[in-house]
Amino acid sequence: CQMLMFVPNKGPNACNHGCKGFGSCVKVCPFDAIHVENGVAKVDKEKCKACGKCVDICPQHLIELIPYSASYAVACSSTEKGPVTMKECNNGCIGCGLCKKNCPSEAVEVTDFLAKIDYAKCVGCGTCVEKCKRGSIFEH
């Protein structure tokens with residue numbers, strides 16, 4: 001992944017904000033908690049010990065430490081406007097704000113066309129997942 005930062009368009013995936021799938025994070029994980037599935041790095045929260053090595057190595061800055069108790073997470077990092085994101089990805093967040101408008105605990109913010117969950121406020125009700133028409137928010 002790190003070498004792809006020097007390649008035009010940063011690799012084979014259409015989204016310039018997405019996982020490149022070449023496993024730099026897999027290689028540094030001492031707990032075997034990350035595997036690349038269908039070209040995207042997936043973290044096994046049961047194996048993860050939150051050492052942060054994957055966070056540090058990801059050249060796209062896609063991996064973040066999410067509380068173990070978190071119910072939901074946003075599976076997108078694109079800050080492109082909706083039409084650009086929709087062209088590149090079937091599940092990318094387009095910043096429509098439905099998750100934010102419907103969150104009863106005001107735990108979702110949308111900045112730069114991207115939803116973010118404030119885990120300190122999230123009560124795990126699932127409304128954000130239900131309202132997200134793009135499938136950008138998933139059960140963690």
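How many bridges join strand β4 to β5? Let's start there, and please keep in mind that everything I show you today comes from a predicted model.

The answer is four, and the two strands run antiparallel, with β4 covering residues 108–111. Together, β4 and β5 make a hairpin, and two residues sit between the strands. If you look at the turn, you'll find D112, which has a positive phi of about 55°. Across the hairpin, T111 of the pair stands opposite L114 in β5.

Now, keep your eye on β5, as we meet this strand again in the nonpolar core. The largest such core has 14 residues. Among the residues with the most contacts inside it are V74, C99, V108, A115 and I117. Which elements give two or more residues to this core? They are β3, residues 72–74, and β5, residues 114–117. The largest share comes from β5, with three residues.

Let's zoom in on V108. Setting aside neighbours within four places in sequence, V108 is in contact with C99, K100, C103, A115, K116, I117 and C128. Apart from the largest core there is another one, made of eight residues, including A33, I34, I57 and C58. As a general point for your notes, nonpolar side chains in soluble globular proteins tend to be buried together.

Last stop: the aromatic rings. How many aromatic pairs does a search of the whole structure find? Zero. There is still a ring to show you, though: K45 lies over the face of Y68, at 4.7 Å from the ring centre.

Thanks for listening, everyone!

Definitions and conventions: Residues numbered from 1 in each chain as written. Predicted model: local features only at pLDDT ≥ 70, side-chain atom pairs only at ≥ 80, totals over all residues. Heavy atoms only, no water. Phe/Tyr/Trp six-rings, centres within 6.5 Å; stacked < 30°, edge-to-face > 60°. Lys NZ or Arg CZ within 6 Å of the ring centre and 35° of its normal. Core = buried A, V, L, I, M, F, W, Y, C linked by side-chain atoms within 4.5 Å. Buried < 20%, exposed > 50% of the residue type's maximum accessible area, 1.4 Å probe, protein only. Contact = heavy atoms within 4.5 Å. Pairing = 2+ DSSP bridges.
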